[in-house]
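Biologist: Thanks for sitting down with me! Could you walk me through this structure, one question at a time?

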Amino acid sequence: MKPPTQVNHPPEVTVPADNRPVVAPIHQTVKFEFENIDETLRMLRGERPGFFYQRNSNPTLRQLELTLAQLQGREDCVVCASGVGAIANALLSLTKQGDHVLCFIETYGPTRQLIRRLLAKFGVTHTLLSIEDLAGVEGVLAHTPTRLMIFESPTNPLNRIADIAALTRLAREHGTLTLLDNTFAGLHQHGQFEVDLYLHSLTKFAAGHGDVMGGAAIGSAELITRLRPDFTLLGGVLDPHAAFLIQRGLKTYFVRYREQCASAQRVAEFLVAQPAVEDVHYPGLGAAPRAALARTQMSQFGGVVSFDLRGGAEAARRFTEALQLFAITASVGSTESLIIPPQMMGTRDLTPEQVRIAGLGPGTVRLSIGLEDPDDLLADLQQALATIG
Ligand SMILES: *Cc1c(COP(=O)(O)O)cnc(C)c1O
């Protein structure tokens, strides 16, 4: 073989079956081959295990899927390139022209936009309610055949708590599928409810280090088997190297989540005591609206703390820019602390009345608590509050 041939057919190194790597290798390969055509065809017909093309599956992606399904307490999972990818693929796969979808004002903006802009183009209608309007949900489900309901808990950005037992019961009574974006609560919570499909942005707490994106849909084997061919067709495949980083991130997931919850609790309690702060939105605060409901549904309350500054937008701007340890940027669940000021809340698709229902005021700020020492975070918040004092 000449060198150009050699570099394209490198020597094979096989690991003996009784000599396992402790950390699974990254299968950074798009294609897998068998010795002959018949074995390839048997695998493609599902008559034997194996892999063929990364867009369909890959061992590194599959290990991540099995880990995530286990964590959420469901049978199967399909991963893709981002959290929004998982939401978009699930919505496109599960709806058809003429279907009706129930969604909520207090959700991650792109979820609303996917339904209101993209699904609407294909003749899928929707109703937009407040997550706290159970009577409204009951009314809509009773009067309009509804294909699916998609909601969050706690919601992004204000940590509103959905009554998951009530919502899933109503949905089941009316033959409506339930999709829960469980990103804020995490992979280890809310598994006790009869949710049909859990959606996660793996970019956040799962990967945890703010250096990789991914998304997942988790549910029964039957539902994931139905979704998987559409996820494959829509093409937003997760890269094996990204899957490896997410798998690595999961090793410290419980430690990070616990520490971030503990720091977030301290930050929330600190903020409650500040005269410049009007309202603190954290489910771990006893006085928070629906805190009792949160305690029945969750054992940990997450790393996101939102609050309202009495001074409004200008105070929020000065406070945000005075912080030293909080990066002014998107995302949550990272090792470094982050802040979104009211100017960056992304409510352009909502009417002023919907913004009011969402609870977003002129001084609403969202913090994502990282893994810095909480004393340093409190000192930073204190000095930034002093600048607007
Ligand atoms: C970030 C986020 C998403 C989107 O995930 P990406 O990985 O950024 O695409 C979806 N839902 C919630 C609640 C989020 O916080």
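Biologist: Let's begin in a loop. Where does N159 sit, and is N159 buried or exposed?

Modeller: Happy to, and please keep in mind that this is a predicted model. N159 belongs to the loop between strand 4 and helix 7. Its relative accessible area is 7%, and buried means under 20%. So N159 counts as buried.

Biologist: What is the phi value of N159?

Modeller: N159 is a residue other than glycine, yet its phi is positive. The value is near 60 degrees.

Biologist: Which peptide bond that leads into P154 is cis, and what is its omega?

Modeller: P154 lies in the loop between strand 4 (148-152) and helix 7 (164-173). The cis bond there joins S153 and P154. Its omega is about -15 degrees.

Biologist: And what is omega for the peptide bond from N156 to P157?

Modeller: P157 is placed in the loop between strand 4 and helix 7. The bond from N156 to P157 is cis. Here omega is near 10 degrees.

Biologist: On to the sheets. In the open sheet of 7 strands, which strands stand at the edges?

Modeller: The strand order is 1-7-6-5-4-2-3, and the pairing is mixed. An edge strand has a single partner, so one of its sides is left without a neighbour in the sheet. That describes strand 1 (76-80) and strand 3 (125-129).

Biologist: How do strand 1 and strand 7 run, parallel or antiparallel, and which residue stands opposite V78?

Modeller: Strand 1 is joined to strand 7 (residues 215-219) by 5 bridges, and the two run antiparallel. Within strand 7, the residue opposite V78 is A217.

Biologist: What about the open sheet of 5 strands: which strands are at its edges?

Modeller: This sheet has mixed pairing and the order 8-9-12-11-10. Its edge strands each have a single partner strand, so one side of each lacks a neighbour in the sheet. They are strand 8 (277-281) and strand 10 (327-328).

Biologist: Which helix packs on that sheet, and what angle does its direction make with that of strand 9?

Modeller: The packing element is helix 12 (residues 312-322), which touches strand 9 (304-309), strand 10, strand 11 and strand 12 (364-368). Its direction and that of strand 9 make about 130 degrees.

Biologist: In strand 11, what is the bridge partner of I328?

Modeller: Strand 10 pairs with strand 11 (residues 338-340) in the parallel sense, over 2 bridges. The partner of I328 in strand 11 is I339.

Biologist: What is phi for S331?

Modeller: S331 is in the loop between strand 10 and strand 11. With a relative accessible area of 26%, S331 is partly exposed. Its phi is positive although S331 is not a glycine, with a value near 85 degrees.

Biologist: Let's finish at the surface. How much accessible area does the nonpolar patch that includes V30 have?

Modeller: V30 is found in the loop between helix 1 (3-8) and helix 2 (37-44), and counts as partly exposed at 37% relative accessibility. Its companions in the patch are I37, L41, L44, F52 and Y53. Together, the six-membered group V30, I37, L41, L44, F52 and Y53 has about 530 Å².

Biologist: Is Q54 buried or exposed?

Modeller: Q54 sits in the loop between helix 2 and helix 3 (59-72). Beyond its neighbours within four places in sequence, Q54 contacts residues including V30, L61 and P240. Its relative accessible area is 8%, so Q54 is buried.

Definitions and conventions: Residues numbered from 1 in each chain as written. Predicted model: local features only at pLDDT ≥ 70, side-chain atom pairs only at ≥ 80, totals over all residues. Heavy atoms only, no water. Pairing = 2+ DSSP bridges. Helix = DSSP H or I, 4+ residues; strand = E, 2+ residues; numbered from the N terminus. Contact = heavy atoms within 4.5 Å. Axes fitted to C-alpha atoms, helices over the stretch in contact; angles between N-to-C directions. Patch = residues over 30% accessible without salt bridge, like charges linked within 9 Å, V, L, I, M, F, W, Y side chains within 5 Å. Areas by Shrake-Rupley, 256 points an atom, 1.4 Å probe, with all protein chains shown as cover. Salt bridge = Lys/Arg side-chain N within 4 Å of Asp/Glu carboxyl O. Buried < 20%, exposed > 50% of the residue type's maximum accessible area, 1.4 Å probe, protein only.
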